Amino acid sequence: MSQWPSIADIVQSVEAGKVQATELVRQALKTIEDKQEYQAIIAVIKERAENRAADIDKRVAKGEKIGRLAGVPFIAKDNMLTFGSETTAASNILKGFEAPYQATAIEKLEAEGAICVAKANLDAFAHGASTENSDVMTTKNPHDTSRVPGGSSGGSAAAVVLDMAPFALGTDTGGSIRLPASFTGAVGYKPTYGLVSRSGVIAMASSTDVIGPLARTVEDAALVLDVMSGRDDLDGTTIERDTSPYTTLDVSVKGKTVGIIAEYMDEGVDPAIRKEIEAAVKQLQAAGANIVSVSLPSLPLALACYYIICPAEVSSNLSRYDGQHYGFSHADAKSLEESYNWSRSEGFGDEAKRRIMIGTYVLSSGYYDAYYKKAQTVRTKLVEEFTRAFKKVDFLAGPVAPMTAFEIGKNVDDPLQMYLVDIMTVAASLVGIPAVSVPVAKVQGLPVGLQLMAPQKHDRALLSLAAKIKETA
């Protein structure tokens with residue numbers, strides 16, 4: 001049982017004067033300290049968090065209205081710019097970097113009274129599915145410390161499950177919120193692309209990057225999304241939000257059609273996981289939903305497509321880290337070219353270098369048409385297939401991953417095997433639709449998440465369905 005009530009209950013208690021924000025921050029920081037062995041947190045934001053909490057308590061005492069997240073502590077993935085600590089994206093090349101401004105998502109949360117207490121570990125620059133690519137440390141799964149928590153938002157997911165804060169922020173480029181949510185037993189929500197501003201987030205693959213919440217309940221995730229979402233002048237890719245609050249959930253599924261993705265239920269999935277996913281879907285059927293099988297013929301190509309497009313964008317986005325303006329710079333370089341070479345060689349980890357090389361290759365003269373252009377053609381085909389599918393069904397469903405959390409070190413020397421972990425999450429990212437992982441069961445003591453997807457901008461409907469799953473699980 002979690003030590004944290006729902007976010008709504010926390011806010012109510014703070015505004016009623018029953019609990020002080022300073023107590024909540026103290027509780028969060030103590031839990032972080034007590035559970036250091038899980039290596040979920042890169043840095044704490046103690047002084048700023050305590051000052052913000054004290055200010056909120058003074059305002060409450062004066063009878064002021066604070067906001068929808070009054071006094072609620074939260075944790076941000078360390079690829080989001082925040083005040084009060086370094087922002088490193090868990091990469092050596094950004095050691096010592098202090099943000100000159102905060103991410104829009106952080107600003108929106110703080111404007112409603114939330115308090116950022118720490119920065120969570122991740123695969124460096126969000127390149128990975130296990131946090132083993134972090135240049136700082138490997139986060140451990142709360143259910144079994146010999147196993148990974150998933151990635152790249154593994155620190156954020158583990159922090160929530162370990163009760164370090166009521167919610168945390170992650171980023172999802174090809175499954176980096178949903179996978180760790182499934183592996184740790186959290187709720188992980190990837191919004192429609194553009195619904196949450198990416199301003200102030202260290203870019204990985206700009207055409208699929210999305211900020212989303214990791215929480216203990218769908219209702220908490222919906223509240224955080226409601227605060228963060230909407231257009232932002234600092235991010236030209238943002239879209240208009242739903243006119244109704246994302247917290248207004250209609251959990252009735254009668255008359256809704258849920259399509260089970262046939263390609264996600266084949267022999268590649270652990271039979272025990274397939275059984276639990278089928279059981280969860282049957283609960284929806286019992287509640288009145290129509291269940292059908294849906295085939296998306298191009299889905300087997302999605303992973304290959306993603307691992308051409310993603311490194312191409314990564315190679316472009318990482319070109320700005322040259323050791324000249326901020327972060328790590330090699331002190332012994334005797335020329336500008338030497339400084340570039342040595343700073344990037346020592347600052348970037350193996351996975352960042354691998355993606356830079358792959359991305360540069362597929363964008364290079366003579367290979368652009370053969371690889372990158374072809375991958376974008378497949379991406380368009382995937383968009384068309386998902387669009388057709390959503391004309392027949394309201395939602396799509398399947399597993400988040402074909403396996404439960406794997407052992408630390410198992411895939412670290414096999415990049416292709418590590419990439420295969422994303423096989424069931426990348427498609428939703430490529431087509432820009434909302435998707436969520438909801439914990440539905442455990443297999444041999446390890447959590448299993450059900451993945452649900454909806455058409456673009458149908459986030460409230462998807463959260464409503466996810467709330468029903470959580471209710472029946």
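A pocket is an open set of grid points with protein on both sides within 12 Å along at least five of seven lines, and its lining residues have an atom within 4 Å of a point. With that in hand, the second largest pocket of this predicted model is a good place to start. Its lining consists of 18 residues, and those nearest the centre are Asn-133, Asp-350, Glu-351, Arg-354 and Val-412. The volume of this second largest pocket is about 260 Å³. Two helices, α11 (350-363) and α13, each contribute at least two lining residues, and α11 provides the largest share, with 4 residues. By class, the lining of the second largest pocket comprises 7 charged, 6 nonpolar and 5 polar residues.

Turning to the largest pocket, its volume comes to about 440 Å³. Here 23 residues form the lining, with Gly-268, Pro-402, Met-403, Leu-420 and Ile-423 nearest the centre. The elements giving two or more residues to this lining are α9 (302-317) and α13 (415-420). The lining of the largest pocket contains 14 nonpolar residues, alongside 5 charged and 4 polar ones.

A closer look at one residue of helix α9 rounds out the picture. Ser-315 sits in this helix and counts as buried because its relative accessible area is 11%, where the cut-off is under 20%. A polar atom of the Ser-315 side chain lies 2.8 Å from the backbone oxygen of Ala-312. Leaving aside residues up to four places away in sequence, Ser-315 touches Arg-355, Ile-356, Gly-359, Thr-360 and Leu-363.

Key
Residues numbered from 1 in each chain as written. Predicted model: local features only at pLDDT ≥ 70, side-chain atom pairs only at ≥ 80, totals over all residues. Heavy atoms only, no water. 1 Å grid on protein atoms, 1.4 Å probe; cavity = no way out; pocket = protein on both sides within 12 Å on 5 of 7 lines; lining within 4 Å. Points joined across faces, edges and corners; volume = space filled by probe spheres on them. Nonpolar A, V, L, I, M, F, W, Y, C, P; charged D, E, K, R; others polar. Buried < 20%, exposed > 50% of the residue type's maximum accessible area, 1.4 Å probe, protein only. Polar contact = N/O pair within 3.5 Å; in protein donor to acceptor, adjacent residues only side chain to side chain. Contact = heavy atoms within 4.5 Å.
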